[in-house]
Amino acid sequence: METEEEASGQMTDEIYTNGVDDESLSQQQQRRPIISGEQLDIEAYAALYTGRTKISRLIFIADKCGNVSMQLEALRMAYDEIKKGENTQLFREVVQKIDGRLGPNYSSDSSWMDAVDRRADQRKEKLENELNAYRTNLIKESIRMGYNDFGDFYYAHGALGDAFKNYVRTRDYCTTAKHIIHMCLNAILVSIEMGQFAHVTSYVSKAEQNKNDLDPITIAKLQCAAGLAHLEAKKYKHAARKFLETAPELGNNYSEVIAAQDVATYGGLCALASFDRAELKAKVIDNINFRNFLELVPEVRELIHNFYSSHYASCLEYLGNLKANLLLDIHLHDHVEMLYTQIRNKALIQYTHPFVSVDLNMMANAFKTTVAGLQKELEALITDNQIQARIDSHNKILYARHADQRKATFQRVLQTGIEFDRDVRGMLLRANLLKHDFNLKASRKI
């Protein structure tokens, strides 16, 4: 590689070896957490969540993973979790997926389902009688609680559409800002479960209108919900900002939707894919609040620091090791490929930026890829005008296209002269018009 300044030759050598010499590299490998390609620890993963999202995530893992033992473990845990609740419809789905592979203890339990359905009918009848009585008496608070109880009832039994309708109906009977916030949080929870993220954005905005009544935990919940909505819409920069703004007070207080580890993973990857170096430094690395989340997922923390420090081989290694587990995440799986592509493209752009010429063999070694594969990636970036360069295919060298500063300076001078000439002519014209009293005075309306 040739650089514009001789001093950058040292930088070139550092990048070849991933930013460190052999001795410091071995020390760094001893310090950093080791990421293995082993399968996801389903029990530890499921322990991060509660409620319906725990079951949904386990079923999603069972559907997406190719490991049979892992699939059966997820279904077994989902079976046990469902039997703690009252969702017989979901129970039937899980039993069908198990298909007798876990033995008689994990087969269809007709007596349990009949008992749950019987209690559900009794509970529903009681709630209807209570709500009718409240509506007759026209007590707003009681009617609100009645609809809220109906929403909880339908949510517990898996009727998400009916749950959403009843939660939303409480809005007409809300008498305080806290009631409205409670209604919004319920609507957001059900909307996320249904995948209706347009509703999520809407109800987050409604809740945020009552800023004076929002406590830190509720604010953190709303930030996470908004982040998920932006992630689903592939607005990665907006999603990153929302997750980065999430306060550490969140803790495990929103485990029915998201875990603190997810905030670090979603926020970190979205930031890498969409932020420039200055933003990455100011909003991620120097963000004290987000640092608390990153400590929970050291792999994401390390890959962010490696990316910022131009240690691309280590960064891409971390990403590669994380990929299998990220593809089993219910919210992130559709975005993994796009996020990884954007992160890799940014790394390629960042690598080539300081140099006049880059040896593709050295660059391919730094990115752990072939020269032919690297050349195709660079060609796509050049065509997309993200890298200003041209490739010498014979010698395998990338040459940067730097603007001719001398020519650009003369062009700016000529343009300034043209603008100055135009302004002076305009001033002279106005001066002559005033001198000869050749001006029109606006007539006053009577």
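**A three-stranded sheet and its surroundings**

Let me start with one pair of residues. Ala 389 has Ala 400, in strand S3, as its bridge partner. Keep in mind that this is a predicted model.

Now the strands around that pair. S2 and S3 run antiparallel and are joined over 4 bridges. Together they make a hairpin, with 4 residues between the two strands. Look at Lys 396 in the turn: its phi is positive, at about 55°.

S3 has another partner. It covers residues 397-400 and pairs with S1, again in the antiparallel sense, over 3 bridges. Here Val 358 stands opposite Leu 398 of S3.

Put these together. What is the strand order of the sheet? It is S1-S3-S2, an open sheet of 3 strands with antiparallel pairing. Which strands stand at the edges? They are S1, residues 357-359, and S2, residues 389-392. Each has a single partner strand, so one side of each has no neighbour in the sheet. As for twist, neighbouring strands are turned by 20° against each other on average, ignoring direction.

A general reminder on pairing. Strands in a sheet are held in pairs by backbone hydrogen bonds, in a parallel or antiparallel arrangement.

Next, what lies across this sheet? Helix H21, residues 371-383, lies across S2 and S3. Its direction is at about 150° to S2.

On to helix H22. This one spans residues 405-435 and contains Leu 433. Is Leu 433 buried, partly exposed or exposed? Its relative accessible area is 33%, so it counts as partly exposed. Leu 433 also belongs to a nonpolar surface patch, together with Leu 429 and Phe 438. That patch amounts to about 330 Å².

Now for a contrast, go to Arg 57. It sits in helix H4, residues 51-64. Its relative accessible area is 2%, so Arg 57 is buried. What does Arg 57 touch, leaving out residues up to four places away in sequence? The list includes Tyr 45, Tyr 49 and Tyr 266. Asp 262 and Asp 329 are also among its contacts. So are Val 257, Ile 258, Ile 330 and His 331.

Last, the whole protein. There are 22 helices and 3 strands. Of its 446 residues, 44% count as buried. Take the contacts between residues at least 6 apart in sequence: 62% of them join residues at least 24 apart. The exposed surface is about 24,700 Å², and carbon and sulfur atoms supply 50% of it.

Notes
Residues numbered from 1 in each chain as written. Predicted model: local features only at pLDDT ≥ 70, side-chain atom pairs only at ≥ 80, totals over all residues. Heavy atoms only, no water. Pairing = 2+ DSSP bridges. Axes fitted to C-alpha atoms, helices over the stretch in contact; angles between N-to-C directions. Contact = heavy atoms within 4.5 Å. Patch = residues over 30% accessible without salt bridge, like charges linked within 9 Å, V, L, I, M, F, W, Y side chains within 5 Å. Areas by Shrake-Rupley, 256 points an atom, 1.4 Å probe, with all protein chains shown as cover. Salt bridge = Lys/Arg side-chain N within 4 Å of Asp/Glu carboxyl O. Buried < 20%, exposed > 50% of the residue type's maximum accessible area, 1.4 Å probe, protein only.
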